[in-house]
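User: I would like to learn how to read a protein–ligand model, one feature at a time. Where should we begin?

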Amino acid sequence: MGSKDLKFNSKTIHGGQKPDKAYGAVMPPIYQTSTYAQSTPGGHKGFEYSRSANPTRTALENSLASIEYGQFGLAFASGLAAMDAVIKLLNPGDEVISTNDLYGGSYRLFSQIFEKYGITFHFIGMQDPNKIEAYINDKTKLIWVETPTNPMMNIIDIKAVSQLAKKHAILLAVDNTFATPYLQRPLDLGADIVMHSATKYLGGHSDVVVGGLVVKEEALAQKLYFIQNASGAVCGPMDSFLVLRGIKTLHVRMQRHCENGEAIANYLANHPKIEKVYWPGFEDHPNHDIAKEQMNGFGGMISFITKGGSYKDAIKIVEKLQLFTLAESLGGVESLAGHPASMTHASIPKEEREKSGVIDALIRLSVGIEDKDDLIADLEQAIG
Ligand SMILES: *Cc1c(COP(=O)(O)O)cnc(C)c1O
């Protein structure tokens, strides 16, 4: 049985993987080497220099391709390095339409690095895909979608955006970090490129910073491989190994993240001191129907604001939490809490961030896989 035929819960463990050729090691060895012996100039076994390719990284890249239902995977030094490679497909004068409510570092990369090189970014709300078309012109080369969005948990209809992108021959890239392929498969929904911060759920243990891209089309893969090798922001062998190990339990972790996420979203929604909870699993979430259609569950990312909540109240709560660690990042086995306005989204100007709802009172939770009763008890003592 080829790994292409496997179901998702087997792909996480076996997808694109074979025992190592040298000694049959079941887990790929950490090939901590920069170079490879050649018998004659050019006479090598598929690996010449580890920026171009490294066997441990190749194992991870094959796993990424498999779990995202793509053909080609590429692993980078970080999620932002993966995004950097995508934007380098473009030329000065090109335009990009991007989700406005997106990871702060993505916004910074687009607006503070690539704007300087003559690429124009339009940051817009995409909950209504019909609003996108007004921004398309003959310079538009890429649509960048993040869904669910960070931290407002808006849902963007990937299939609808992909139809629009195809109509205008524009590339569509989807940041699938929050959902993971356990919940959402953008390539199957028509995207050209899937991007990951594998630092988050794919790695799953808050012990590594890695990025990934997956595509279906060979010509696009070749362009990205060229950029990966030419720019050099590759993922090292040790980090590749750690992400591979994380991916093997992705499906069981995600199942628990979803269960705990649902329990905590409901607890918060029924709490007298909570004003609003942002979680796509609620029936009154503005894009709940699309979430239900394009996702296999609603995940463990939740944002909320307290009644009459101020900057001070939000800070007090995140400082009081004990089991939820106050920290940047998300997607690990342990629960984290964050204050987007002063942490992950501090690099977005206040006016810009408040337009998309990231107000000072907002708190974001990455619900881990601990016992949900302990997590709820912790929230109870912190919110009071
Ligand atoms: C963390 C994150 C990134 C950036 O990834 P790094 O691995 O930190 O470089 C991009 N997008 C989303 C949604 C993220 O959460």
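Analyst: Begin with polar contacts. A polar contact is a pair of N or O atoms within 3.5 Å. The model here is predicted. In it, a polar side-chain atom of Asp175 lies 2.6 Å from a nitrogen atom of the ligand, so this pair falls within the cut-off.

User: Which oxygen contacts of the ligand involve Leu80 and Lys200?

Analyst: One pairs an oxygen atom of the ligand with an N or O atom in the side chain of Lys200, at 2.7 Å. In another, a backbone N or O atom of Leu80 is 2.9 Å from a ligand oxygen.

User: How much of the ligand does the protein bury?

Analyst: The ligand taken alone exposes 380 Å², and the protein buries 94% of that. Two elements give two or more residues each to the shell around the ligand: α3 (79–87) and β6 (193–197).

User: How many residues surround the ligand, and which are the closest?

Analyst: A residue belongs to the shell if one of its heavy atoms lies within 4 Å of the ligand. There are 15 such residues, and the closest are Gly79, Asp175, Ser197, Thr199 and Lys200. By class, the shell divides into six nonpolar, six polar and three charged residues.

User: Ser197 is on that list. Is Ser197 buried or exposed?

Analyst: Buried means under 20% relative accessible area, counting protein chains only as cover. Ser197 has 9% relative accessibility, so it counts as buried. The residue is found in strand β6. Leaving out residues up to four places away in sequence, Ser197 touches Gly79, Thr177 and Val210. Its C-alpha atom is 6.5 Å from that of Ser78, although the two residues are 119 apart along the chain.

User: How do I read the fold as a whole?

Analyst: Take the element count, then the overall dimensions. The protein chain has 13 helices and 12 strands. Its radius of gyration is 21 Å, close to the 21 Å that the globule rule gives for 384 residues, so the chain is as compact as a globular protein of that length. The C-alpha trace spans about 75 × 50 × 35 Å along its principal axes. Of the 384 residues, 54% count as buried. Among contacts with a separation of 6 or more, 73% come from residues 24 or more positions apart. The chain exposes about 16,600 Å², with 51% supplied by carbon and sulfur atoms.

User: How should I look at a single helix?

Analyst: An α-helix has 3.6 residues a turn, so residues three or four places apart point the same way. The case here is helix α4 (residues 104–114), whose buried residues are Gly104, Gly105, Ser106, Tyr107, Leu109, Phe110 and Phe114. These buried residues pack against α3, β2 (95–99), β3 (120–124), β4 (140–146) and α12 (350–355).

User: What does the side chain of a buried histidine such as His257 pair with?

Analyst: Look for a polar partner. His257 lies in helix α9 (residues 250–269) and is buried, at a relative accessible area of 0%. A polar atom of its side chain is 2.7 Å from the backbone oxygen of Val367. Residues that His257 touches include Tyr201, Gly299, Gly300, Val367 and Ile369.

User: Where are the cis peptide bonds between Thr147 and Pro148 and between Asn150 and Pro151, and what are their omega values?

Analyst: Omega gives the twist about the peptide bond. For the cis bond joining Thr147 and Pro148, omega is about -5 degrees. The bond from Asn150 to Pro151 is also cis, with omega near 5 degrees. Pro148 lies in the loop between β4 and α5 (158–167), and Pro151 is placed in the loop between β4 and α5 as well.

User: Which residues other than glycine have a positive phi?

Analyst: Met153 and Ser206 are two examples. Met153 has a phi of about 60 degrees; its place is in the loop between β4 and α5, and it is buried at 1% relative accessible area. Ser206 has a phi near 50 degrees and sits in the loop between β6 and β7 (211–215). At 41% relative accessibility, Ser206 counts as partly exposed.

How values were computed. Residues are numbered from 1 along each chain as its sequence is written. This is a predicted model: local features need pLDDT of at least 70, side-chain atom pairs count only at pLDDT 80 or more; totals for chains, interfaces and linings use all residues. Side-chain values use heavy atoms; hydrogens and water are left out. A polar contact is a pair of N or O atoms within 3.5 Å; within protein, one must be able to donate a hydrogen and the other to accept it, and residues adjacent in sequence count only if both atoms are side-chain atoms. Accessible areas come from the Shrake-Rupley method with a 1.4 Å probe; for residues, only the protein chains shown count as cover. Helices (H or I, at least four residues) and strands (E, at least two) are DSSP runs, numbered from the N terminus. Ala, Val, Leu, Ile, Met, Phe, Trp, Tyr, Cys and Pro count as nonpolar, Asp, Glu, Lys and Arg as charged, and the others, Gly among them, as polar. The radius of gyration is taken over C-alpha atoms; the globule rule is 2.2 Å times the number of residues to the power 0.38. Buried means under 20% relative accessible area, exposed over 50%, partly exposed in between (1.4 Å probe, protein chains only). Contact means heavy atoms within 4.5 Å.
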